[in-house]
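Here is a short round of questions on how the labels for this structure are earned. Each answer sets a value against a cut-off and concludes.

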Amino acid sequence: MSPARLFRSVIVGTIVFLAVFFLLGSRPAEPSAWVWFGITGVVFALLFAAGLLLVARVDPRRR
C-alpha cells in the first residue's frame, strides 16, 4: 500500500467515523467534550492506520 493511498484511506475512514459518532448522539456541548471528541478521532486514525499497515504486510495477495 502506497503512503498516499494509506493517507487517503485513513483520512476518509476517520471522517466517516467521526461523522457517525457525532450523528449517533455524541455531540460535544462544552469545550472539554470537543477535546475528547478530537482525541477519539486521533486514536481511531492511529489504530486504523496500524490495522491497514498490518493487513498490507500480512496479506500476500496484495504483492
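Q: What counts as a helix here, and which one holds Ala19?
A: A helix is a DSSP run of H or I with at least four residues, numbered from the N terminus. Ala19 lies in helix 1. The model is a predicted one.

Q: Why is Ala19 called partly exposed?
A: Its relative accessible area is 36%. Buried means under 20% and exposed means over 50%, with partly exposed in between. Ala19 falls between the two cut-offs, so Ala19 is partly exposed.

Q: What makes Thr14 buried or exposed?
A: Thr14 is found in helix 1, residues 3-23. Its relative accessible area is 11%. The cut-off for buried is under 20%, so Thr14 is buried.

Q: What does Thr14 touch, leaving out residues up to four places away in sequence?
A: Thr14 touches Gly41, Phe44 and Ala45.

Q: How do you know that the side chain of Thr14 has a polar contact with the backbone oxygen of Val10?
A: A polar atom of the Thr14 side chain lies 2.7 Å from that oxygen. The limit for a polar contact is 3.5 Å, so the pair is within it.

Q: Why is Thr40 put in its burial class?
A: Thr40 lies in helix 2. Its relative accessible area is 16%. That is under 20%, so Thr40 is buried.

Q: Which contacts does Thr40 make?
A: A polar atom of its side chain lies 2.8 Å from the backbone oxygen of Trp36. Thr40 also touches Phe17 and Phe21, not counting residues up to four places away in sequence.

Q: Why are helix 1 and helix 2 called oblique?
A: Helix 2 covers residues 31-58. The two axes come within 9 Å and cross at roughly 140 degrees. Roughly antiparallel needs over 145 degrees, and roughly perpendicular covers 65 to 115. The angle fits neither class, so helix 1 and helix 2 are oblique to each other.

Q: Which hand does the crossing have, and which residues make the contact?
A: Helix 1 passes helix 2 in a right-handed crossing. On helix 1, the contact residues include Gly13, Thr14 and Phe17. On helix 2, Thr40, Gly41 and Phe44 are among them.

Q: How do the residues of this contact divide into nonpolar, polar and charged?
A: There are 14 nonpolar, 5 polar and no charged residues in the contact of helix 1 with helix 2.

Q: What makes Trp36 exposed?
A: Trp36 is found in helix 2. Its relative accessible area is 56%. The cut-off is over 50%, so Trp36 is exposed.

Q: How far is Trp36 from Thr14?
A: Their C-alpha atoms are separated by 15 Å. The two residues are 22 residues apart along the chain.

Q: How do you know that Pro31 counts as exposed?
A: Pro31 has a place in helix 2. Its relative accessibility is 66%. That is over 50%, so Pro31 counts as exposed. The C-alpha atoms of Pro31 and Ala45 are separated by 21 Å.

Q: Why is Val55 called partly exposed?
A: Val55 lies in helix 2. Its relative accessible area is 46%. Exposed needs over 50% and buried needs under 20%, so Val55 is partly exposed. Val55 and Phe22 are 28 Å apart in space, C-alpha to C-alpha.

How values were computed: Residues numbered from 1 in each chain as written. Predicted model: local features only at pLDDT ≥ 70, side-chain atom pairs only at ≥ 80, totals over all residues. Heavy atoms only, no water. Helix = DSSP H or I, 4+ residues; strand = E, 2+ residues; numbered from the N terminus. Buried < 20%, exposed > 50% of the residue type's maximum accessible area, 1.4 Å probe, protein only. Polar contact = N/O pair within 3.5 Å; in protein donor to acceptor, adjacent residues only side chain to side chain. Contact = heavy atoms within 4.5 Å. Axes fitted to C-alpha atoms, helices over the stretch in contact; angles between N-to-C directions. Parallel < 35°, antiparallel > 145°, perpendicular 65-115°, else oblique. Left-handed = near helix turned anticlockwise from the far one by under 90°. Nonpolar A, V, L, I, M, F, W, Y, C, P; charged D, E, K, R; others polar.
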